[in-house]
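Biologist: I am new to this one, so could you walk me through it and explain the labels as we go?
Modeller: Gladly; let us put it on the screen and take it step by step.

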Amino acid sequence: VYRYERSGTLHGLSRVRGFTQDDAHIICTPDQIDDEIGRVLDFSLNLLRGFGFEEFRFDLSVRDPATPEKYAGSDEMWQQAEASLARALQARDLPYQRMEGEAVFYGPKIDIHIKDAVGRTWQLTTIQFDFNLPGRFDMTFVGEDGQEHRPYVVHRALMGSIERFFGILVEHYAGAFPVWLM
């Protein structure tokens, strides 16, 4: 990904013009979303803990109920997706903040923030529904009823920007990386 950053906003590896994201998109049926969200959340936490991060903050970003016309997808899709994200956090006893109006136009999300070795908080992992892509790409599947239905798309980025993640790791380990990482 490349983006033009104004002069003075670049900052080491944490804010660069060209960066790599570890994105993936999971395409699933509506009845599969709870399992998929749970698996992605478990995978994310396992990965972050594997790098030595133990302090997390979880944000559940949902749409602004006063302006539903600003968002892709139906009310039913949003309600189902928001509930699925909340259930995944609750099933793992993870405290979270509900962020009203903080969802992007295409879907609700969980953001996982970590605390680094010097006490700064960084948003890394995002687990997000995307109600825009299935329609844009005319995605369908044939359900048990023999009819075509739209799948759900779950977007996930575990580390976010690889460059920023590496910069966080340099400071987290004070440059003394564990042998397995070298």
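Biologist: Which strands does α1 lie across, and at about what angle does α1 run to β5?
Modeller: Please keep in mind that this is a predicted model. Helix α1 lies across β1, β2, β4, β5 and β8. Its direction is at about 160 degrees to that of β5. Angles over 145 degrees count as roughly antiparallel, so α1 is roughly antiparallel to β5.

Biologist: What about α4, and what would you call its angle to β8?
Modeller: Helix α4, residues 162–172, lies across β1, β4, β5 and β8. The angle to β8 is about 40 degrees. The roughly parallel class needs an angle under 35 degrees, and the perpendicular one begins at 65, so α4 is oblique to β8.

Biologist: How do the strands line up in the sheet?
Modeller: Six strands make an open sheet, in the order β1-β8-β5-β4-β2-β3, with mixed pairing. At the edges are β1 and β3, each of which pairs on one side only. From one strand to the next, the twist averages 20 degrees.

Biologist: What makes the pairing mixed?
Modeller: Look at the individual pairs. Strand β1 (residues 21–28) runs antiparallel to β8, with seven bridges joining them. Strand β5 (residues 121–129) is also antiparallel to β8, over four bridges. Strand β2 (residues 56–62), however, runs parallel to β3, and five bridges join those two. Both senses occur in the sheet, so the pairing is called mixed.

Biologist: How do you know that β2 and β3 count as paired?
Modeller: Pairing needs at least two bridges. Strands β2 and β3 have five, so they count as a pair. One of the partnerships is Ser61 with Met99 in β3.

Biologist: Which residues does Met99 touch from farther along the chain?
Modeller: Leaving aside residues up to four places away in sequence, Met99 touches Asp59, Leu60, Ser61 and Val62. The C-alpha atoms of Met99 and Leu60 are 5.7 Å apart, although their positions lie 39 residues apart along the chain. Met99 has 25% relative accessibility, so it counts as partly exposed.

Biologist: Why is β8 described as mostly covered?
Modeller: Strand β8, residues 152–161, has ten residues, and ten of them are buried. Buried means under 20% relative accessible area. Two of the facing pairs in β8 are easy to find: His155 stands opposite His25, and Val154 stands opposite Phe129.

Biologist: Why is α1 called oblique to α2?
Modeller: Their axes come within 9 Å and cross at roughly 45 degrees. That value falls outside the parallel, antiparallel and perpendicular ranges, so α1 is oblique to α2. The crossing is right-handed. On the α1 side the contacts include Ile33, Ile37 and Leu41, and on the α2 side they include Leu85, Ala88 and Leu89.

Biologist: How do you know that Arg39 and Glu36 form a salt bridge?
Modeller: The cut-off is 4 Å between the side-chain nitrogen and the carboxyl oxygen. The closest N and O atoms of Arg39 and Glu36 are 2.9 Å apart, so the pair qualifies. Both residues lie in α1 (residues 33–50), about one turn of the helix apart. At 18% relative accessibility, Glu36 counts as buried. By this rule, the count comes to 13 salt bridges.

Biologist: What makes the bridge of Asp42 and Arg92 a link between distant parts of the sequence?
Modeller: Their side chains meet at 2.5 Å, N to O. Asp42 is in helix α1 and Arg92 is in the loop between α2 and β3, so the bridge ties together parts that are 50 residues apart in sequence. Asp42 is partly exposed at 39%, and Arg92 is partly exposed at 29%.

Biologist: How close are Glu82 and Arg98, and why do they count as a salt bridge?
Modeller: Their closest N and O atoms are 3.5 Å apart, which is within 4 Å, so they count. Glu82 lies in helix α2 and Arg98 in strand β3, so this pair ties together parts 16 residues apart in sequence. Glu82 is buried at 11%, whereas Arg98 is partly exposed at 43%. Salt bridges with shared partners join Glu82, Arg98 and Glu100 into one network.

Notes. Residues numbered from 1 in each chain as written. Predicted model: local features only at pLDDT ≥ 70, side-chain atom pairs only at ≥ 80, totals over all residues. Heavy atoms only, no water. Buried < 20%, exposed > 50% of the residue type's maximum accessible area, 1.4 Å probe, protein only. Axes fitted to C-alpha atoms, helices over the stretch in contact; angles between N-to-C directions. Parallel < 35°, antiparallel > 145°, perpendicular 65-115°, else oblique. Left-handed = near helix turned anticlockwise from the far one by under 90°. Contact = heavy atoms within 4.5 Å.
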